[in-house]
Amino acid sequence: MKTKIKNVGLFLLFATFATNSFAQDQGQHNPRDGFNLGVSAGTWFPTGNNKVLGNPIIGGLILDLKSNKTSVSLVFDMIFNVAKTDTLFIKHNDEIVKRTNYFAGQLGFDVDYELYEKNNFVLQAGSGIGYGNISYYNPNKDINVDKGSLFVSPGVSMKYYVGQRSHFKFRLQYYVANYKLKDNVSTNFKGNYITTKLIYAW
């Protein structure tokens, strides 16, 4: 219960900071300000016992609102393990199931601030907060062994404009999360992960 209250408090604090930063920027107009829709592709690099999950492909959508130097983004990612994955041992009822695949998704809220800008190049830094879920075993609609987790994801981005609003962005983030199953029999998935993404937005 205390953990849930702490997580809700963290989210509210983050949202308040984002709102205040965005409001402070409203007084100045920039032709690059406004909404952008983007698509992304990338991968993740686990940093702990979760390395057994390999390096899957991440594909996603981004809705971004920029005001002067501040950007607020809603980010949706789908994660597919098409790369090599070690054998995963998943406890379901009283049996151990061997798996070599999984499926995951995450929804996040990012806030970034421009640290440097020259011509069409922009360097940003910021952080995100959100929720993710990994389904380790889902043979049918009635069975699903999964684990959800809140995450915090500080990161940096390099953006290059190819038009007044359209741009490419390379984003690097470090995700602090916990996708370890609660039993002590399944494979240990404890650990954080780093993501890299190439984004095109317009």
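# Exercises on a predicted protein chain

The accessible surface of the protein chain comes to about 11100 Å², and 62% of this area belongs to carbon and sulfur atoms. Accessible areas come from the Shrake-Rupley method with a 1.4 Å probe, and for residues only the protein chains shown count as cover. The model is predicted: local features need pLDDT of at least 70, side-chain atom pairs count only at pLDDT 80 or more, and totals for chains, interfaces and linings use all residues. Residues are numbered from 1 along each chain as its sequence is written, and side-chain values use heavy atoms, with hydrogens and water left out.

## Exercise 1: Elements of the chain

Determine how many helices and strands the protein chain has, and in what order they run.

Step 1. Helices (H or I, at least four residues) and strands (E, at least two) are DSSP runs, numbered from the N terminus.

Step 2. The protein chain has one helix and 11 strands.

Step 3. From the N terminus on, the order is α-β-β-β-β-β-β-β-β-β-β-β.

## Exercise 2: Ser 71 and Lys 91

Establish for Ser 71 and for Lys 91 the strand, the exposure and the contacts.

Step 1. Ser 71 belongs to strand S3 (residues 70-80), while Lys 91 belongs to strand S4 (residues 88-92).

Step 2. Buried means under 20% relative accessible area, exposed over 50%, and partly exposed in between (1.4 Å probe, protein chains only). Ser 71 has a relative accessible area of 0% and is therefore buried. Lys 91, with 32%, is partly exposed.

Step 3. A contact means heavy atoms within 4.5 Å. Leaving aside residues up to four places away in sequence, Ser 71 touches several residues, among them Asp 64, Asp 110, Gln 124 and Lys 159. With the same exclusion, Lys 91 touches Ile 96, Val 145, Asp 183, Val 185 and Ser 186.

Step 4. A polar atom of the Lys 91 side chain lies 2.7 Å from the backbone oxygen of Asn 93.

## Exercise 3: The nonpolar patch

Identify which strand gives the largest share of the nonpolar patch.

Step 1. Patches are made of residues with over 30% relative accessible area and no salt bridge (a side-chain nitrogen of Lys or Arg within 4 Å of a carboxyl oxygen of Asp or Glu). Like charges are joined within 9 Å, and nonpolar side chains (Val, Leu, Ile, Met, Phe, Trp, Tyr) within 5 Å.

Step 2. The patch covers about 850 Å², and its residues include Phe 35, Val 39, Leu 74 and Trp 202. Two or more residues come from each of strand S1 (34-46), strand S2 (57-67) and S3.

Step 3. S1 gives the largest share, three residues. Val 39 lies in S1 and, at 38% relative accessibility, counts as partly exposed.

## Exercise 4: Aromatic pairs

Classify the ring pairs Trp 44 with Tyr 193 and Tyr 136 with Phe 189.

Step 1. Rings of Phe, Tyr and Trp (its six-membered ring) pair if their centres lie within 6.5 Å; planes under 30 degrees apart count as stacked, over 60 as edge-to-face and the rest as tilted. The count by this rule is nine aromatic pairs.

Step 2. Trp 44 and Tyr 193 are 4.6 Å apart centre to centre with 55 degrees between the planes, a tilted pair. Trp 44 lies in strand S1 and Tyr 193 in strand S11 (residues 193-201), so the pair ties together parts 149 residues apart in sequence. Both residues, Trp 44 and Tyr 193, are buried.

Step 3. The ring centres of Tyr 136 and Phe 189 are 4.2 Å apart and their planes lie at 10 degrees, so this pair is stacked. Both Tyr 136 and Phe 189 are buried.

Notes: Polar contact = N/O pair within 3.5 Å; in protein donor to acceptor, adjacent residues only side chain to side chain.
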